[in-house]
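I opened a fresh notebook page and went through this one a piece at a time. Here are my entries, in the order I looked things up.

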There are 2 protein chains.
Amino acid sequence: MTLAQPEARPYHHGDLSRALVEAARRILETDGPAALSLRAVAREAGVSPAAPYHHFKDKGQLLDAVAHEGWVELDAALMRSRQDSDDDRRRMTSLGVAYVTFARDNPALYRVMYDCSRDKDALPDQMKEEGAYCQVRNTIAHAAGEGVSEIDLELATIAAWCAGHGLAEMSGFKQFESLKTLLGGEEAFLKAVFDHLGMFAKFDRG
Amino acid sequence: MTLAQPEARPYHHGDLSRALVEAARRILETDGPAALSLRAVAREAGVSPAAPYHHFKDKGQLLDAVAHEGWVELDAALMRSRQDSDDDRRRMTSLGVAYVTFARDNPALYRVMYDCSRDKDALPDQMKEEGAYCQVRNTIAHAAGEGVSEIDLELATIAAWCAGHGLAEMSGFKQFESLKTLLGGEEAFLKAVFDHLGMFAKFDRG
DNA sequence: CGATCCATCTGAACGACGCTTAGATAACAT
DNA sequence: ATGTTATCTAAGCGTCGTTCAGATGGATCG
């Protein structure tokens, strides 16, 4: 039964692959990305420094597994936020806010996610089919209505995605702090920035 | 024994601080960010592994110096691009294209620049006064005209900046390649994405 | 039940890294 | 010439990613 899975069952330790990913995430949360060494992960999981190499080809592959979990959780967070509103524009904004909020709440994880993507010069494949990228695209498509070309849709999605990523990486910068408090907090700030992006200018019906 | 090192030199080596920064940039360009170790920089500069510590507190401070050069050159690139057009909207787009092009032409340098910023949770201070950020802001201000609040200006600048950074980091992703060739090349792609951002929606007069 | 297989894990080691310390060297000021 | 001080080297510490030979012990089959 379980033999069909590429990641099969436990032997000596239990499910060490799983334990390693969890240990990695624990280290990420508590000590940050700089402390995330393979040896530290092995230590945290209670195994020798060489043990991980029976489950992951190298450190990068372990990080890939961590990043994958991150993308799945980001997908879920976006999915949740889409139910917040029935107005197209609001839904789009809340999608953006949810994206950035996820990145800000899990900064180390988000960094691993994007570092992995940058190493491969590609976003995870799943995103194009059912993942976060697709959610953004669908939301834009719904807002844009019928008469919009595939190319326009793709470009708008990319534009929105880039803006989200940029804001995710920069919204913590000290230079913006005074503006944040002036606007009444982090979320108000994010909404205001997204509002000034005018991602909807192209399609807006109103 | 002062061998024919270039430029004016204070003490033993010549200007080792300068030589180290140049060596670092050489390594960055040829072997990428992963190969950029302090020891490698010292090797490249023809000096012992401990020598850099008389000029930089630690590796991070050397990278800061490299990053600073990067920001100065980015400022210059944006400055050049502003003279390309006299139409506000075109100028804004060409600013964005110049930004992303710089990042794409110097990927390793750009990465160092942003890694340094992220470590301090802040953009370089000079940017707010006369640097690239200020150029974007001024361009937007000119386009927006008189009746625009400081806050709106700031928000629009942040939005544009985030979009530029996001696109700089993601425009190389494989998922966008087909779209790029379909649109007729990298620059056309960048312009199209910026166009779909509609950063001007808020202020556009026409 | 016993022998064997083989995935899993360990211990030790290698080279490279960031960084520190103690001491050598050489430019400058006196 | 002498002393001062900035600059550089040599050696070493602890950590890292990774490899490899060998120990361990569950699974399989006689």
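**Notebook: a helix, a contact, some cysteines and the DNA**

I began with what packs over helix α1 of chain A: the cover on its buried residues includes α2 (38-45), α3 (59-82) and α5 (107-120) of chain A. I note here that this is a predicted model.

Next I looked up α1(A) itself. The helix runs over residues 16-31, and I read 21 Å from its first C-alpha to its last, close to the 22 Å expected. I listed its buried residues, which include Leu16(A), Leu20(A), Ala24(A), Ile27(A) and Leu28(A). Polar or charged names turn up on that list too, among them Ser17(A) and Arg25(A). Just past the helix, I found Gly32(A) with a positive phi of about 85°.

I then checked the record. UniProt, in an unreviewed entry, lists residues 14-74 of chain A as "domain: HTH tetR-type". I looked at that span in the model and got 66% helix and 0% strand, with its end C-alpha atoms 28 Å apart.

On to the DNA. How many residues surround DNA strand C? I counted 21, and the closest are Ser48(A), His54(A), His55(A), Arg39(B) and Arg43(B). From chain B, helix α2 (residues 38-45) gives the most to the surface near the strand, with three residues. Of the strand C atoms within 4 Å of the protein, 58% belong to sugar or phosphate, and the rest to bases.

I followed up three of those residues. Ser48(A) uses a polar backbone atom, 2.6 Å from a phosphate oxygen of strand C. His55(A) puts a polar side-chain atom 2.6 Å from a phosphate oxygen. For His54(A), the partner of the polar side-chain atom is a base nitrogen, 3.0 Å away.

Cysteines came next, and my search of the whole structure found zero disulfides. Cys116(A) has its nearest cysteine sulfur, that of Cys162(A), 19 Å away. Cys116(A) is buried, at 7% relative accessible area. Why is Cys162(B) not bonded to Cys162(A)? The closest cysteine sulfur to that of Cys162(B) is the one in Cys162(A), and 11 Å is too far for a bond. Cys162(B) also counts as buried, at 1% relative accessibility.

My last stop was Val193(B), in helix α10 (residues 186-197) of chain B. Is Val193(B) buried or exposed? I got a relative accessible area of 1%, so Val193(B) is buried. Leaving out residues up to four places away in sequence, Val193(B) touches Leu155(A), Ile158(A) and Ala159(A) from chain A, and Leu167(B) from chain B.

Definitions and conventions. Residues numbered from 1 in each chain as written. Chains lettered and ligands numbered in written order. Predicted model: local features only at pLDDT ≥ 70, side-chain atom pairs only at ≥ 80, totals over all residues. Heavy atoms only, no water. UniProt positions renumbered as here; feature names shortened; annotations may be inferred. Helix = DSSP H or I, 4+ residues; strand = E, 2+ residues; numbered from the N terminus. Buried < 20%, exposed > 50% of the residue type's maximum accessible area, 1.4 Å probe, protein only. Contact = heavy atoms within 4.5 Å. Expected span 1.5 Å × (residues − 1). Disulfide = S-S within 2.5 Å. Near = heavy atom within 4 Å. Polar contact = N/O pair within 3.5 Å; in protein donor to acceptor, adjacent residues only side chain to side chain.
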